[in-house]
Amino acid sequence: KTTRHHRLQNLKRRMEWKLSELSVDGKGHYGIGAPAIPYDKNKPTYVRITDINDDGTINFLELKSVDDEDSNKYLLKENDIVFARTGNSTGRSYFYQKEHGDFVYAGFLIKFSIDPQKVNPKILKYYTHSQEYYNWVKSFDTGGTRGNINAKTFGDMPISLPKRCVQDKIVGILSALDSKIENNNKINANLEAQAQALFKSWFVDFTPFKDQPFVDSELGPIPQGWKVGKYEDIILDTLAGDWGKEKITGNYTHEVACVRGCDFQDMNNGYRGNTPQRYILEKNYSAKRLLPQDLIIEISGGTLTVSTGRACLVSKEMLEKYDNNLVCTNFCKVIRPIDGYSAYCYYSWLHKYNNRVMFGYENGSSGLKNFRFKDFLTKEPLLIPPKADLIKFQHIIKLLQQKKQTNGTESTKLAALRDTLLPKLMSGEIK
């Protein structure tokens, strides 16, 4: 009775707001529509939808910069929060932390500057990861499509909050969990940077092989015994994706997790993420299920994607998070490399993606781009080292990937604890 009494009393003390009423100027602001450039520590960091994880943290590995004369007008400041306004990530939020540096927010984000005289600004970070908020965002979905939400609609979002002293306590508790999650993300970004640096050292700069004889090739001098081929030379098979059905329909009865391009970031960092559950034909499952060391490639995407060709390397630890029951959407393709070539194939692909090689294999309108997957496999030159060198590389990469998956699992558990505590703290069920 006492617990219920406290809960009811606390609910009576809750205050109802609109997001615009909690902001400094009563409205949201759209970000700058400027192109991203390679990361430059001397220029502002460019925050885009794809840089924000589902849990509101930042993907530090793939950050870009912006170089625009108007960029200073879009710098995030203390107590700012931004929201994704379109695409599959609609509603995703990021509460700015000044220790992250100078951040400029992109055009597909909407910024609100929270007034610290009205609320603890950071409580908005947690509110936007509550079920109440998710339900509000989902109310704008149309059929199987994530709906867009503009600045006016975000401003009208209803928000129910406890009194200020309770907000402060909630923020203090949950911030400790967030600090550990962010630290894990930074460690994972460092591990991935090590992996990419190792690939470049071995297979671009040839640092460990400098004492060997070199021969000329179409890619320039390469160590003797190496050759230049195509991606198709190291691929055992390719698989098509399957989006299936949202619900059991006719013979579409086999339930699977269906990974999309927007899930790659979470999966590579060891998170289970928000990969949707779908139903596919039972007879198609064995031909489309993903296995360890498969490489998933995004072959079609809209303007929110920096380029088609994004990739995700499937690991044993990753599949276990999906109960070994994972396929990809039909906007992706799967490469199944010859044994021992998986990590090399992934990082060579990533190296070309980061150097914007994929742009040369895109076609389609400005709104929807398609990647000429077969052309890339059969025409793009690929350096093929001896198998012995690849085995050594694979062993090192596997250790780094396992550590990333472990960190991601820990962060997932911490996030689940945070998300479990949040509604109980907000409602007064836990004091």
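This briefing looks at one helix and at some of the aromatic rings in the structure above. Keep in mind that the model is predicted. Two topics stand out below: helix α10, where 11 of 13 residues are buried, and the aromatic rings, which form 31 pairs in the structure.

**Helix α10**

- Helix α10 covers residues 342-354, and at 1.5 Å a residue its 13 residues should span 18 Å; the C-alpha atoms at its ends are 18 Å apart, so the expectation and the model agree.
- Most of α10 is covered, with 11 of its 13 residues buried.
- Among the buried residues are the aromatic Y344, Y346, Y347, W349 and Y353, and K352 is on the list as well.
- Just after α10 comes R356, which takes a positive phi of about 65°.

**Aromatic pairs**

- The structure holds 31 aromatic pairs.
- In one of them, the rings of W136 and F154 have centres 5.8 Å apart and planes at 50°, so this pair counts as tilted.
- W136 belongs to helix α4 (residues 131-138) and F154 to helix α5 (residues 151-155), so to speak two distant parts of the chain linked across 18 residues.
- Both W136 and F154 are buried.
- Ring pairs also join residues into a cluster, including F199, W202, F203, W226 and F393.
- Y344, Y346 and Y347 belong to this cluster too, and these three are buried residues of α10.

**Charges over rings**

- R278 places its charged end over the ring of W243, 3.9 Å from the ring centre.
- K245 lies over the face of Y252, at 5.1 Å from the centre of that ring.

Terms used. Residues numbered from 1 in each chain as written. Predicted model: local features only at pLDDT ≥ 70, side-chain atom pairs only at ≥ 80, totals over all residues. Heavy atoms only, no water. Helix = DSSP H or I, 4+ residues; strand = E, 2+ residues; numbered from the N terminus. Expected span 1.5 Å × (residues − 1). Buried < 20%, exposed > 50% of the residue type's maximum accessible area, 1.4 Å probe, protein only. Phe/Tyr/Trp six-rings, centres within 6.5 Å; stacked < 30°, edge-to-face > 60°. Lys NZ or Arg CZ within 6 Å of the ring centre and 35° of its normal.
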